[in-house]
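Work through the exercises below with the sequence and the 3D view open. Each task is followed by a solution in steps.

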Amino acid sequence: MKDKFIILIIDDEESIRDSCSQVLSKEGYSTETAEYGNVGLEKAKEMKPDLVLVDLKMPGISGMEVLESLKDIDPDIVSIVITGYATIESAVEAMKLGAYDYIPKPFTPSELRIITRRGLERRRLLLETAALRQEKKQMEENFISLVTHELRSPMIAVKQYFDVILEEEISGKLTEKQKEMLSRASQRIDGLMKLVNDWLQMMGIKENGVAKRSQAFDIKPLLAEAIELLKPLADKSEVALQLESFDALPLVYGDNSTLKHVFINLLSNGIQYNRKGGKVAVCLREEGGFLAVDITDTGIGIPEENLPLIFDQFYRVRGKETRKIIGTGLGLSIVKRIVEAHKGQIKVHSTLGKGSTFTVLLPKAPQNQKQNKGLKKSIKKARV
Amino acid sequence: MNKKILIIDDDEDFVAVTEAIFGSKSYQCVAAYSGKEGLQKIKEENPDLIIVDVMMEDMTAGFRLVNILRTAEEGSEYYPYSRIPLLMVTIYEDVTKRGIREKAGTTLLPVDEFMRKPIKPLELLAKIEQMLAK
C-alpha cells in the first residue's frame, strides 16, 4: 500500500532524536525530528507521518497536548509516547488521549524496533480500513447516481410524451375525458419524479455537510423568500400567507440553503392541506437557547393518532381531503432530518378541522459568531 | 425554405418527441444518435440549428461535440459549421445545474441556450424560434 513509512520523532533531547532517527532509518523508514511540540505539529501537518514518537515531558507545549492535536491532523495517526518518568498514571492518561503504545526511557534499539514495527502494523490496518470505508462510500454514491439516471430517464420520456399529446396545438384535438386522464397521468409522473428527487436529497443530508456550510444569519429574509416563492401556489389555492415577526431577534446558526428547503416544505404543506380562504402564518420568537419559527395553518388538521407518524419516511395521512394532493411521504422526514442535522427540533400541534402548527427550533448563533467567522476567514486568507 | 434542425441524442424517445413537436410547425428534422454520428450529420446536412444531449456514448460526448464545433479553426473541416446555433439539453440538475448554467455561453461550454429535460413543448418551440431569429 505504501512504499515508505514516515516516522516523526518529537523529543527535546538531541541524543534521543539522533539515536531513534538512526535506528529507524536503518530499518528503511523515512524519519524526521522536532525539538519542540509546536515544531513537531507543524512538521506533522506538512509531511503527514504514519507514526509519531512523542516525549511526554518537554519545554513548551506538553506531550499530552501534542497527542491531542495529532488526532486532529490525522485521526489514523499512530502515536507512541516516550518518557523518562514512566508511571502507570501518565501511561494511562496518554492512552486515553489516543496514544497507541508507550516506551520508557532508557530503551534499547531492538525495543524501539519492535515497538515501531507493531505501531506501523497498526497504521497499515487503519489505512486499509479507511480505504475500504472510502470504497464503500464511493459505491454508495455510484449506486445513487446509477439509480437516478436509470429511474429518471424513463420517467422523463413518459412525461414528455404526455406533454406533447396534451399540447393540442401540436398533436391535435383531444376529448375532455382524454385530456383529463392524460393530465392526471402526467401529474402522477411528476409525483414519481419528485419522489426520486426527494429520496436522493434525503440520502444527501449529512450532519457534517450541514455543519460545514453553517454560519450565523438573519432568518427573516429567508422566510420572506420562501413566502415569495410559494405565493403563486397560495394564490391558486386561495390561501393567504403572512409573516409576523419582531425586529430584535437574534441570528440563527445554520445552513441557509437546506433551511430554505425546510420552510418551503412546511409552507407548501400549510397551503396544500388548507381550505379556500384560509391562511398560513409564520411567526418568529425565542424559546430558551433557540429561535422558534411557528408555521400555523387553518387547514384540515392531523388526527391525533397520526401525529407520531407524520415524520416517518413514506408515511401519509390517508383521507378524503388528502387523496387529491400528490405527495411523496418524504417531505416531513426530510424536514426533520435537516432540522436535526442542525441540532434543532421540530414539534407539531394540531386540532382536527381547525389547523396545525409546526414549530422549528433552531440554535441561536453565539453572540460573537459573526465576527469569529470573519476573523477565521481572514486568517485563512492571510495564510494563503 | 423550411429550417432544418439536427437533434443529437441517444434517447430515441426524446428524438421522437422533438420530431413530433417540430413536425407540427413544419420544421425539417434530422436525427443522430451519438456524438460521433452527430458530427457526421452536421457535415452532411448543414443544419440551421443543433440540439445536443450531454450524456450519450459516454458522460461528456455532448460537451466534446460542442467544443469541436466551436473551436474549429479557419480551414478545418468543421469551420463552416462552427457558428450554427446550439441548444444543449440534459436530465441532470443537481450536480451540474449551477456549473453548466454559469458556463453556458463561455468558452468552457460554448452553447447558446440550455434546457433541462423534461422539456415543455411550447417552451422548446419558443426557444427555437427565438434562436433562429437571431
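**Exercise 1. Classify Lys364(A) and its salt-bridge partner by accessibility.**

Step 1. Lys364(A) has 24% relative accessibility and therefore counts as partly exposed; buried means under 20% relative accessible area, exposed over 50%, and partly exposed in between (1.4 Å probe, protein chains only).
Step 2. The partner is Glu286(A), and the closest N and O atoms of the pair are 2.6 Å apart. A salt bridge here is a side-chain nitrogen of Lys or Arg within 4 Å of a carboxyl oxygen of Asp or Glu.
Step 3. This pair links distant parts of the chain, with Lys364(A) in the loop between β12 and α12 (369–383) of chain A and Glu286(A) in strand β9 of chain A, 78 residues apart. Helices (H or I, at least four residues) and strands (E, at least two) are DSSP runs, numbered from the N terminus.
Step 4. Glu286(A), at 42% relative accessibility, is also partly exposed.

The model is predicted: local features need pLDDT of at least 70 and side-chain atom pairs count only at pLDDT 80 or more, while totals for chains, interfaces and linings use all residues. Residues are numbered from 1 along each chain as its sequence is written, chains are lettered from A and ligands numbered from 1 in the order in which they are written, and side-chain values use heavy atoms, with hydrogens and water left out.

**Exercise 2. Describe the salt bridges of Glu168(A) and Glu176(A).**

Step 1. Over all chains, the structure holds 31 salt bridges. Side chains of opposite charge can pair when their charged atoms come close.
Step 2. Glu168(A) pairs with Lys173(A) at 3.4 Å, N to O. Glu168(A) is partly exposed at 24%, whereas Lys173(A) is exposed at 71%.
Step 3. Glu176(A) pairs with Lys179(A) at 3.7 Å, N to O. These two are 3 residues apart in helix α7 (residues 176–204) of chain A, so about one helical turn separates them.
Step 4. Glu176(A) is exposed, with 57% relative accessibility, and Lys179(A) is partly exposed, with 25%.

**Exercise 3. Is Lys105(A) buried or exposed, and what surrounds it?**

Step 1. Locate Lys105(A) in the loop between β5 (101–104) and α5 (109–166) of chain A.
Step 2. Its relative accessibility is 17%, so Lys105(A) counts as buried.
Step 3. Leaving aside neighbours within four places in sequence, Lys105(A) is in contact (heavy atoms within 4.5 Å) with Asp11(A), Glu13(A), Ile16(A), Asp55(A), Ile82(A), Thr83(A) and Gly84(A).
Step 4. A network of salt bridges links Lys105(A) with Asp11(A), Glu13(A) and Asp55(A).

**Exercise 4. Find the residues with the most contacts inside the largest nonpolar core, and the elements that supply the core.**

Step 1. The largest nonpolar core has 39 residues. A nonpolar core is a set of buried Ala, Val, Leu, Ile, Met, Phe, Trp, Tyr and Cys residues joined through side-chain atoms within 4.5 Å.
Step 2. Those with the most contacts inside this core are Ile219(A), Val262(A), Phe263(A), Leu266(A), Leu267(A) and Phe358(A).
Step 3. Elements of chain A that each supply at least two residues include α9 (219–237), α10 (256–272) and β9 (279–287). The largest share, 7 residues, comes from α9(A).
Step 4. Take Leu267(A) as an example: beyond its neighbours within four places in sequence, its contacts include Ala226(A), Leu230(A), Val280(A) and Ile295(A).

**Exercise 5. Describe the interface of chain B and chain A.**

Step 1. The contact takes 19 residues from chain B and 16 residues from chain A.
Step 2. About 1,600 Å² is buried between the chains, and carbon and sulfur atoms give 64% of it; buried area is the accessible area (1.4 Å probe) that two parts lose on being put together, summed over both.
Step 3. The rule finds 1 salt bridge across this interface. Lys25(B) forms a salt bridge with Glu169(A), with the closest N and O atoms 2.9 Å apart.
Step 4. On the side of chain B that touches chain A, α1 (12–23) and α5 (121–133) of chain B each supply at least two residues. The most, 6 residues, comes from α1(B).
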